[in-house]
Amino acid sequence: WKMPERQSVLLAAVTDKPDGPRKLLLGGKERPEPRNVRDAVLLKEGSVLAVVYRTSTGMVLAAEGREIGPFEEIELLENGVDRLTYLVREGEKRRLILGEREFPVEGVPFQFFDSADRSRTAWVERLSDNRVQAVIDGRRGAAGRAIHKGIHFSPDGKHAAYVVQEGDR
């Protein structure tokens, strides 16, 4: 990645284990904190770096001058709506944090949509049986094989529409 200051950002594996620790290098230099980096993502056109660290008490998310956590698990999500978005797990409960809003999840959110005024949000979630489900402001819709061309809000944001594919229909 490149940040606006033209400083390169690199997340590099320390071992050959896929879930092993990683180093975070900014401008070719390793971050000075002796932390176990798990994930990183750039937000707001590269001006904000969000980093997930593993600590002795759990996973912590550092972004915009604050630390969030610890949680058993944190997964950063790139969302296309340019705000900090991540999944947290505590025991069997998983929650999606989208900016300042929080929602329970059953699957893995992978497409995000906002109303024009950003008062409402929606996403498509992949369920454990490989089906997908539309979720609008935390309310679950029909599940099927695919959501055709995303979720669309009316210009005033009061209504949302989507098409679910089930089998050949």
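Q: How many bridges join strand 8 to strand 9?
A: Four bridges join them. Strand 9 covers residues 85-90, and the two strands run antiparallel.

Q: What kind of model is this?
A: This is a predicted model, in which local features need pLDDT of at least 70, side-chain atom pairs count only at pLDDT 80 or more, and totals for chains, interfaces and linings use all residues. Residues are numbered from 1 along each chain as its sequence is written, and side-chain values use heavy atoms, with hydrogens and water left out.

Q: What counts as a strand, and when do two strands pair?
A: Strands are DSSP runs of E, at least two residues long, and helices are runs of H or I with at least four residues; both are numbered from the N terminus. Two strands pair if DSSP finds at least two bridges between them.

Q: Back to strand 9. Which residue there is the bridge partner of E75?
A: L87 in strand 9 is the partner of E75.

Q: What order do the strands have in the open sheet with strand 8?
A: The order is 8-9-10-11, four strands with antiparallel pairing. Strand 8 (73-76) and strand 11 (101-104) are the edge strands, and each pairs on one side only. Neighbours in this sheet are turned by 20 degrees against each other on average, direction ignored. For that angle, axes are lines fitted to C-alpha atoms, for helices over the stretch in contact, and angles run from 0 to 180 degrees between N-to-C directions.

Q: Which strands form the open sheet with strand 13?
A: Strands 12-13-14-15, in that order, with antiparallel pairing. Strand 12 (108-114) and strand 15 (139-144) each have a single partner strand, so one side of each is left without a neighbour in the sheet.

Q: How many bridges join strand 12 to strand 13?
A: Six, and the two strands run antiparallel. Strand 13 spans residues 121-126. One of the pairings is V108 with R126.

Q: Where is R118, and what is its phi?
A: R118 is in the loop between strand 12 and strand 13. Its phi is positive, about 60 degrees, although R118 is not a glycine.

Q: Is R118 buried or exposed?
A: R118 is partly exposed, because its relative accessibility is 45%. Buried means under 20% relative accessible area, exposed over 50%, and partly exposed in between (1.4 Å probe, protein chains only).

Q: What about N130? Where does that one lie?
A: N130 lies in the loop between strand 13 and strand 14 (132-136). N130 also has a positive phi, about 75 degrees, and is not a glycine. With a relative accessible area of 56%, N130 is exposed.

Q: New topic. How many aromatic pairs does the structure hold?
A: One. The ring centres of F103 and W123 are 5.0 Å apart and the planes are at 55 degrees, so the pair is tilted. Rings of Phe, Tyr and Trp (its six-membered ring) pair if their centres lie within 6.5 Å; planes under 30 degrees apart are stacked, over 60 edge-to-face, and the rest tilted.

Q: Which strands does the pair link?
A: F103 is in strand 11 and W123 in strand 13, distant parts of the chain, 20 residues apart.

Q: Are those rings' residues buried or exposed?
A: F103 is buried at 6% relative accessible area. W123 is buried at 0%.

Q: And strand 4? Why is it called largely enclosed?
A: Six of its eight residues (36-43) are buried, so strand 4 is largely enclosed by the rest of the structure. Seven bridges join strand 4 to strand 5 (residues 48-55), running antiparallel. A40 stands opposite V51 in strand 5.

Q: Which residues does a cis peptide bond join?
A: G69 and P70, with omega about 10 degrees. P70 is in strand 7 (residues 66-71).

Q: Last one. What volume does the largest pocket have?
A: About 170 Å³. R83, L84, L98, G99 and E100 are the closest to its centre among the 13 lining residues. A pocket here is an open set of points on a 1 Å grid over the protein atoms alone, where a 1.4 Å probe fits, with protein on both sides within 12 Å along at least five of seven lines; lining residues have an atom within 4 Å of a point. Grid points are joined across faces, edges and corners, and the volume is the space filled by probe spheres set on the points.
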